[in-house]
Amino acid sequence: MLFLVAALLLLGFALGTVAHAPLSFTLVAAAVIGVWLAVFAFREHHGRRHQS
């Protein structure tokens, strides 16, 4: 339960920060995070396929 409360507090903090950031900054940050996640997913998929 404590983990859930902490996660909700962090989510609220992050959403509050994004709400005050300019739209262009928010879009650039979202694009960077999306590319990072896509690269991570590709590397994980590629690594698991060749490992086993």
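Here is a short question-and-answer walk through a predicted model of one chain.

Q: Before we start, what kind of model is this, and how are residues numbered?
A: It's a predicted model, where local features need pLDDT of at least 70, side-chain atom pairs count only at pLDDT 80 or more, and totals for chains, interfaces and linings use all residues. Residues are numbered from 1 along each chain as its sequence is written, and side-chain values use heavy atoms, with hydrogens and water left out.

Q: How many helices and strands are there in the chain?
A: Helices (H or I, at least four residues) and strands (E, at least two) are DSSP runs, numbered from the N terminus. Here the chain has two helices and zero strands. Helix α1 covers residues 2–20, and helix α2 covers residues 23–51.

Q: Is the chain spread out or compact?
A: One way to tell is the radius of gyration, taken over C-alpha atoms and set against the globule rule, which is 2.2 Å times the number of residues to the power 0.38. This chain has a radius of gyration of 16 Å, well over the 10 Å that the rule gives for 52 residues, so it is more spread out than a compact globule. Its C-alpha trace spans about 45 × 35 × 5 Å along the principal axes.

Q: What percentage of the residues count as buried?
A: Buried means under 20% relative accessible area, exposed means over 50%, and partly exposed is in between (1.4 Å probe, protein chains only). Of the 52 residues in this chain, 0% count as buried.

Q: Which atoms supply the area that the chain exposes?
A: Accessible areas come from the Shrake-Rupley method with a 1.4 Å probe, and for residues only the protein chains shown count as cover. The chain exposes about 5000 Å², with 79% of that supplied by carbon and sulfur atoms.

Q: Which residues form a nonpolar patch on the surface?
A: Patches are made of residues with over 30% relative accessible area and no salt bridge (a side-chain nitrogen of Lys or Arg within 4 Å of a carboxyl oxygen of Asp or Glu). Like charges are joined within 9 Å, and nonpolar side chains (Val, Leu, Ile, Met, Phe, Trp, Tyr) within 5 Å. Here the patch is Met1, Leu2, Leu4, Val5, Leu8, Leu9, Leu11 and Leu15, with about 900 Å² of accessible area together.

Q: Where is Met1, and is Met1 buried or exposed?
A: Met1 sits in the segment before α1 and is exposed, at a relative accessible area of 78%. Leu2 is in helix α1 and counts as exposed at 69%. Leu15, also found in helix α1, counts as exposed at 54%.

Q: What about Ala31, buried or partly exposed?
A: Ala31, in helix α2, counts as partly exposed because its relative accessibility is 45%.

Q: What separates Leu15 and Leu27 in space?
A: Their C-alpha atoms are separated by 14 Å, with their positions 12 residues apart along the chain. For Met1 and Ala29, 28 residues apart along the chain, the C-alpha separation is 30 Å.
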